[in-house]
Amino acid sequence: DVPVITIDGPTASGKGTLADEVAHELGYWILDSGALYRATGLAASRAGIDLDDAQAVAAVARGLDLHFRKGRATLAGEDVTEALRAEATGLMASQVAAHQPVRDALQQLQLDFRRAPGLVADGRDMGTAIFPDAGLKVFLTASAATRAERRHKQLISKGISASIEGLRADLEARDARDKSRSASPLKPAADALSLDNSAQTIEESRDLLLRWWAE
Ligand code: CDP
């Protein structure tokens with residue numbers, strides 16, 4: 001079977017960056033599952049659909065015309081790379097991700113990313129719901145203060161100003177929603193290894209994961 005490494009954790013914990021680094025080192029494919037929920041939220045809201053209408057949003061998820069090529073994402077032919085990363089899109093993602101029919105609609109799409117020689121998948125339920133047989137499951141955390149600072153730096157680098165306090169409140173609200181929902185709530189898989197990377201560099205986290213993977 002094609003090997004899978006899963007990295008789950010709360011918002012701005014550094015999952016995406018770590019997944020990219022590890023996939024690059026191993027020559028594996030990458031699944032940014034959050035992008036699928038983000039694209040679903042964006043497509044539904046653009047179509048004027050009520051994001052609380054689980055069935056209507058699930059229909060959007062089933063018909064998602066989303067493609068990733070050379071680091072760019074297109075939705076129905078339009079480049080949405082920046083739009084997908086916007087804070088507002090993250091909030092829409094967490095709203096549509098709470099619906100089980102939406103999660104079911106995106107399941108096969110996620111499984112299709114499993115291709116030789118291997119896959120690194122990041123999200124909220126990669127180790128619990130989508131790839132329960134993964135060879136290595138990591139639950140990545142960082143303190144709320146650290147995560148707010150990292151998000152702040154990201155935004156500043158894009159020329160967007162935001163208050164750290166506001167960002168921290170937003171990410172804590174999103175975490176609370178992701179943890180308390182009934183559909184695939186954010187929680188570590190029973191066999192996940194926990195990693196708090198608050199005081200680690202990305203290289204230190206990457207090397208630790210690669211050691212775990214080699215064991
Ligand atoms: O890293 P960040 O939280 O900013 O964004 P993301 O990983 O792209 O996820 C956006 C939202 O999608 C999360 O708040 C979750 O509600 C949802 N999501 C999910 O439910 N399951 C996944 N596997 C990935 C994301």
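1. Which residue is the bridge partner of threonine 74 in E5? The partner is aspartate 79. This pair is one detail of a predicted model. The sheet around the pair is taken up again in point 7.

2. Start with the overall layout. The protein chain is divided into domain 1 (1-28 + 117-210) and domain 2 (34-116). Domain 1 is thus written as two segments, 1-28 and 117-210. The C-alpha centres of the two domains lie 19 Å apart. Where the domains meet, 20 residues of domain 1 are in contact with 20 residues of domain 2.

3. Next, the ligand. There are 19 residues around the ligand. Thr11, Arg38, Arg103, Arg124 and Asp178 come nearest. By character, the shell divides into nine charged, five polar and five nonpolar residues. Both domains take part: domain 1 and domain 2 each supply at least three residues to the shell.

4. Look at individual side chains beside the ligand. For threonine 11, an N or O atom of the side chain is 2.8 Å from an oxygen atom of the ligand. For lysine 15, a side-chain N or O atom is 3.4 Å from a ligand oxygen. Serine 33 faces a nitrogen atom of the ligand instead, with a polar side-chain atom 2.9 Å away. As for cover, the ligand has 520 Å² of accessible area on its own, and the protein covers 97% of it.

5. Which elements give two or more residues to the shell around the ligand? They are helix H2 (33-46), helix H5 (87-96) and helix H9 (164-180). H2 gives the most, with four residues.

6. Two loops deserve a check of the backbone. The loop between strand E1 (4-8) and helix H1 (15-26) holds alanine 12. Alanine 12 has a positive phi of about 60°, although it is not a glycine. The other loop runs between helix H6 (100-111) and strand E6 (119-123), and proline 117 is found there. The peptide bond that joins alanine 116 and proline 117 is cis, with omega about 10°. In the domain assignment, domain 2 ends at residue 116 and the second segment of domain 1 begins at 117.

7. Back to the sheet from point 1. The sheet is open and has three strands, in the order E3-E4-E5, with antiparallel pairing. Its edge strands are E3 (66-69) and E5 (78-79), and each pairs on one side only. Strand E4 (residues 72-75) is joined to E5 by two bridges, and these two strands run antiparallel. In general, strands of a sheet pair through backbone hydrogen bonds. The bridge between threonine 74 and aspartate 79 is the place to look for the link to E5.

Terms used:
Residues are numbered from 1 along each chain as its sequence is written. This is a predicted model: local features need pLDDT of at least 70, side-chain atom pairs count only at pLDDT 80 or more; totals for chains, interfaces and linings use all residues. Side-chain values use heavy atoms; hydrogens and water are left out. A residue is near a molecule or strand if one of its heavy atoms lies within 4 Å of it. A polar contact is a pair of N or O atoms within 3.5 Å; within protein, one must be able to donate a hydrogen and the other to accept it, and residues adjacent in sequence count only if both atoms are side-chain atoms. Accessible areas come from the Shrake-Rupley method with a 1.4 Å probe; for residues, only the protein chains shown count as cover. Ala, Val, Leu, Ile, Met, Phe, Trp, Tyr, Cys and Pro count as nonpolar, Asp, Glu, Lys and Arg as charged, and the others, Gly among them, as polar. Domain bounds come from an automatic or database domain assignment. Two strands pair if DSSP finds at least two bridges between them. Contact means heavy atoms within 4.5 Å.
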